[in-house]
Amino acid sequence: MLEKLKRRLGITGTDKDALLNDLIADASAFVRSYTGRADVPVLLEAAVVWLAAADYNQLGLEGEKSHSEGAVSHTIDMFPPRLRQQLNMYRVGKVGSP
């Protein structure tokens, strides 16, 4: 996943590998937590890379919902519907008493 993330971000070399591995680990933890699975299914590895790339591009904007510079305004949606639909297909149902 590291090499795929580096290609997506246009990063060469190994100077950012530790950061990128941290972002992949965080994205994997999110996917496991959201789906309720112990391991990330192979078909969700692309979602992990997508989340890690989104996190990389949002470094320094943690906690913000929108960002403006001059006349340009950006709304930040870290969990867009397309990603949510993809992850929802792999969620494990939970049964229990309230």
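Hi everyone. Let me start with a definition: a crossing of two helices is called left-handed if the near helix is turned anticlockwise from the far one by less than a right angle, and right-handed if it is turned clockwise. Keep that in mind, and we will use it twice. One thing to say early is that the structure above is a predicted model.

First, the overall picture. The protein has four helices and two strands. Starting at the N terminus, the order of the elements is α-α-α-β-β-α. There are 98 residues in the protein, and 33% of them count as buried. On the outside, the protein exposes about 6,800 Å², with carbon and sulfur atoms supplying 52% of that area. And how do the contacts span the sequence? If we take contacts between residues at least 6 apart in sequence, 58% of them join residues at least 24 apart.

Now to the helix pairs. Two packed helices are described by the angle between their axes and the distance between the axes. Let's do that for H3 and H4. Helix H4 covers residues 81-88, and its axis comes within 11 Å of the axis of H3, with a crossing angle of roughly 145°. Which hand does the crossing of H3 and H4 have? This one is left-handed. On the H3 side, the contact uses Ala47, Trp50 and Leu51, while H4 brings Leu83, Gln86 and Leu87. Sorted by type, the residues of this contact of H3 with H4 are five nonpolar, one polar and no charged.

H3 has another partner, so let's turn to H1. Helix H1 is residues 2-9 and helix H3 is residues 45-57; their axes come within 10 Å and cross at roughly 50°. Angles from 35 to 65 degrees fall in the oblique class, and H1 and H3 are therefore oblique to each other. Here the crossing is right-handed. From H1, the residues in the contact are Lys4, Leu5, Arg8 and Leu9, and they meet Ala46, Val49, Trp50, Ala52, Ala53, Tyr56 and Asn57 of H3. By type, the contact of H1 with H3 has eight nonpolar residues, one polar and two charged. If you were listening for a repeated name, Trp50 of H3 is in the contact with H1, and Trp50 is also in the contact with H4.

Let me finish with three single residues. Where does Leu44 lie? Find the loop between helix H2, residues 17-35, and H3, and Leu44 is there. Leu44 is buried because its relative accessible area is 0%, and the cut-off for buried is under 20%. Setting aside residues up to four places away in sequence, Leu44 touches Val31, Thr35, Gln86, Leu87 and Tyr90. Look at Leu87 in that list: Leu44 and Leu87 are 43 residues apart along the chain, yet their C-alpha atoms are separated by 7.4 Å.

Next is Thr35, which lies in helix H2. Thr35 counts as buried too, at 1% relative accessibility. Leaving out residues up to four places away, Thr35 touches Leu44, Leu87, Tyr90, Arg91 and Val92.

Last comes Asp17, also found in helix H2. Is Asp17 buried or exposed? With 16% relative accessibility, Asp17 counts as buried. Beyond the neighbours within four places in sequence, Asp17 is in contact with Leu2 and Lys6.

Thanks for listening, and I'm happy to take questions!

Key:
Residues are numbered from 1 along each chain as its sequence is written. This is a predicted model: local features need pLDDT of at least 70, side-chain atom pairs count only at pLDDT 80 or more; totals for chains, interfaces and linings use all residues. Side-chain values use heavy atoms; hydrogens and water are left out. Axes are lines fitted to C-alpha atoms, for helices over the stretch in contact, and angles run from 0 to 180 degrees between N-to-C directions. Angles under 35 degrees count as roughly parallel, over 145 as roughly antiparallel, 65 to 115 as roughly perpendicular and the rest as oblique. Contact means heavy atoms within 4.5 Å. Ala, Val, Leu, Ile, Met, Phe, Trp, Tyr, Cys and Pro count as nonpolar, Asp, Glu, Lys and Arg as charged, and the others, Gly among them, as polar. Buried means under 20% relative accessible area, exposed over 50%, partly exposed in between (1.4 Å probe, protein chains only). Accessible areas come from the Shrake-Rupley method with a 1.4 Å probe; for residues, only the protein chains shown count as cover.
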